[in-house]
Amino acid sequence: MANEELYGDDFIIRLTIDGSAYEEVEVKVTDPNKTIRDQISSIVQVFELPKVDNGGNPIQYLLGQTIEEGAEPEILEFEDADGREQALVDYNIQPGDLLHLISVPIAG
């Protein structure tokens with residue numbers, strides 16, 4: 001059974017965006033099979049997040065999931081060990097899960 005059939009229109013995650021006022025906002029995931037890289041790109045676009053920091057350095061965004069209460073988020077890797085692009089479904093992300101968008105400036 002396809003994930004779209006499992007979740008229908010109800011695939012909503014909670015999202016906190018590092019360094020912003022967005023804390024546990026509800027975000028609808030249109031396609032949980034879309035790659036982590038594409039999910040991040042969509043989030044950056046929807047929330048109109050900066051692509052460079054104040055010093056002009058590019059910002060890389062990572063997506064993390066808190067597995068245990070109070071622990072640091074575990075980063076969702078873009079690719080597995082074989083180089084295959086990963087998606088939310090590969091990490092067993094479920095509706096209602098809390099994810100964190102983490103910004104990492106890349107020094108020039």
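What follows is a conversation between a biologist and a modeller about a predicted model.

Biologist: What kind of model is this, and which parts of it count?

Modeller: It is predicted: local features need pLDDT of at least 70, side-chain atom pairs count only at pLDDT 80 or more, and totals for chains, interfaces and linings use all residues. Residues are numbered from 1 along each chain as its sequence is written, and side-chain values use heavy atoms, with hydrogens and water left out.

Biologist: What makes an open space a pocket and not a cavity?

Modeller: Both are sets of points on a 1 Å grid over the protein atoms alone. In a cavity, a 1.4 Å probe fits but cannot get out. A pocket is an open set, with protein on both sides within 12 Å along at least five of seven lines. The largest pocket here has a volume of about 170 Å³. That volume is the space filled by probe spheres set on the points, with points joined across faces, edges and corners.

Biologist: How do you know which residues line the largest pocket, and which lie nearest its centre?

Modeller: A lining residue has an atom within 4 Å of a point. The largest pocket has 14 of them. Val27, Lys28, Gln39, Ser42 and Ile43 lie nearest its centre. Two elements give two or more residues to this lining: β2 (25–28) and α2 (36–46). The largest share, four residues, comes from α2.

Biologist: What makes α2 a helix and β2 a strand?

Modeller: Both kinds of element are DSSP runs, numbered from the N terminus. A helix is a run of H or I of at least four residues, and a strand is a run of E of at least two.

Biologist: How many residues of each class are in the lining of the largest pocket?

Modeller: Nine are nonpolar, three polar and two charged. Ala, Val, Leu, Ile, Met, Phe, Trp, Tyr, Cys and Pro count as nonpolar; Asp, Glu, Lys and Arg count as charged; the others, Gly among them, count as polar.

Biologist: Why are tyrosine 22 and phenylalanine 47 called an edge-to-face pair?

Modeller: Take the rule. Rings of Phe, Tyr and Trp (its six-membered ring) pair if their centres lie within 6.5 Å. Planes under 30 degrees apart count as stacked, over 60 as edge-to-face and the rest as tilted. The centres of these two rings are 4.6 Å apart and their planes are at 65°, so the pair is edge-to-face. The count comes to one aromatic pair. It links distant parts of the chain: tyrosine 22 is in the loop between β1 (12–17) and β2, and phenylalanine 47 is in the loop between α2 and β3 (59–65), 25 residues apart.

Biologist: Is phenylalanine 47 buried or exposed?

Modeller: Buried means under 20% relative accessible area, exposed over 50%, and partly exposed in between (1.4 Å probe, protein chains only). Phenylalanine 47 has 17%, so it is buried. Tyrosine 22 has 33%, so it counts as partly exposed.

Biologist: How do you know that a charge sits over the ring of phenylalanine 78?

Modeller: NZ of Lys or CZ of Arg must be within 6 Å of the ring centre and within 35 degrees of the ring normal. The charged end of arginine 37 sits over this ring, 4.5 Å from its centre.

Biologist: Why is threonine 35 called buried, and what does it touch?

Modeller: Its relative accessibility is 18%, so threonine 35 counts as buried. Its place is in the loop between β2 and α2. Contact means heavy atoms within 4.5 Å. Not counting residues up to four places away in sequence, threonine 35 touches Glu85, Gln86 and Ala87.

Biologist: What is notable about phi in glutamate 24 and asparagine 92?

Modeller: Glutamate 24 has a positive phi of about 55° although it is not a glycine. Phi of asparagine 92 is near 55°, also positive in a residue other than glycine. Glutamate 24 is in the loop between β1 and β2, and asparagine 92 is in the loop between β4 and β5 (98–105).

Biologist: Why is asparagine 92 called exposed?

Modeller: Its relative accessible area is 54%, so asparagine 92 is exposed. Glutamate 24, at 42%, counts as partly exposed.

Biologist: Where is isoleucine 102, and what does it touch?

Modeller: Isoleucine 102 is in strand β5. Leaving out residues up to four places away in sequence, it touches several residues, among them Asp18, Tyr61 and Ile75.
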